[in-house]
Amino acid sequence: MRIQAQKGLTPNVTLIYRRTDVEMPASHRERKFAIEEGVEFVYLAAQTKFIAGPDGHIKEIEIQRMELGEPDDSGRRRPVPIEGDVMQLGGSHSYFIAG
């Protein structure tokens, strides 16, 4: 994002996380800096599908809304899909990050 801003571009980054910020392993400080740099966080959501435009590149990302269910083996409450609560988010790139 900093490189985009230095080049005069407007960064547009959305981070989709299936749990809430409380369950997120990133520190509060890291999230604070990301928000200050313009990152938008969408909690309790998971991407389910990438929708291509006519050129074959990503045009939209389908997002499934989640709610927290019973705790999993790690002790954190497991994200559970909310049936029928799906939305599309415009986008051109996607990066999968597992931690």
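Biologist: In β5, which residue is the bridge partner of I63?

Modeller: In this predicted model, strand β4 covers residues 58-71 and is joined to β5 by nine bridges. The two strands run antiparallel. Within β5, the residue bridged to I63 is M87.

Biologist: In what order do the three strands of the open sheet stand?

Modeller: The pairing in this sheet is antiparallel. Its edge strands are β3, residues 45-52, and β5, residues 77-90, each of which pairs on one side only. Neighbouring strands are turned against each other by 20 degrees on average, direction ignored. The order of the three strands is β3-β4-β5.

Biologist: By what distance are the C-alpha atoms of A46 and I16 separated?

Modeller: A46 is found in strand β3. I16 lies 30 residues from A46 along the chain, and A46 touches I16. The separation of the two C-alpha atoms is 6.4 Å.

Biologist: Which residues does A46 touch, not counting residues up to four places away in sequence?

Modeller: A contact requires heavy atoms within 4.5 Å. One of the residues that meet this condition with A46 is I63, which has M87 of β5 as its bridge partner. The full list for A46 is I16, R18, E62, I63, Q64 and M66.

Biologist: How are the rings of F41 and Y43 arranged in their aromatic pair?

Modeller: A pair of aromatic rings is described by the distance of the centres and the angle of the planes. For F41 and Y43, the centres are 5.6 Å apart and the planes are at 15 degrees. Planes under 30 degrees apart count as stacked, so this criterion settles the class. A search of the whole structure finds one aromatic pair, and the arrangement of F41 and Y43 is stacked.

Biologist: Is F41 buried or exposed?

Modeller: The cut-off for a buried residue is under 20% relative accessible area. Y43 has a value of 23% and is therefore partly exposed. F41 has a value of 16%, so F41 is buried.

Biologist: What pattern does the chain follow along the sequence?

Modeller: The secondary structure comes to two helices and five strands. Read along the sequence, these elements give the pattern α-β-α-β-β-β-β.

Biologist: What share of the exposed area of the chain do carbon and sulfur atoms supply?

Modeller: Buried residues make up 20% of the 99 residues in the chain. The chain exposes about 7500 Å². The share of this area supplied by carbon and sulfur atoms is 52%.

How values were computed:
Residues are numbered from 1 along each chain as its sequence is written. This is a predicted model: local features need pLDDT of at least 70, side-chain atom pairs count only at pLDDT 80 or more; totals for chains, interfaces and linings use all residues. Side-chain values use heavy atoms; hydrogens and water are left out. Two strands pair if DSSP finds at least two bridges between them. Helices (H or I, at least four residues) and strands (E, at least two) are DSSP runs, numbered from the N terminus. Axes are lines fitted to C-alpha atoms, for helices over the stretch in contact, and angles run from 0 to 180 degrees between N-to-C directions. Rings of Phe, Tyr and Trp (its six-membered ring) pair if their centres lie within 6.5 Å; planes under 30 degrees apart count as stacked, over 60 as edge-to-face and the rest as tilted. Buried means under 20% relative accessible area, exposed over 50%, partly exposed in between (1.4 Å probe, protein chains only). Accessible areas come from the Shrake-Rupley method with a 1.4 Å probe; for residues, only the protein chains shown count as cover.
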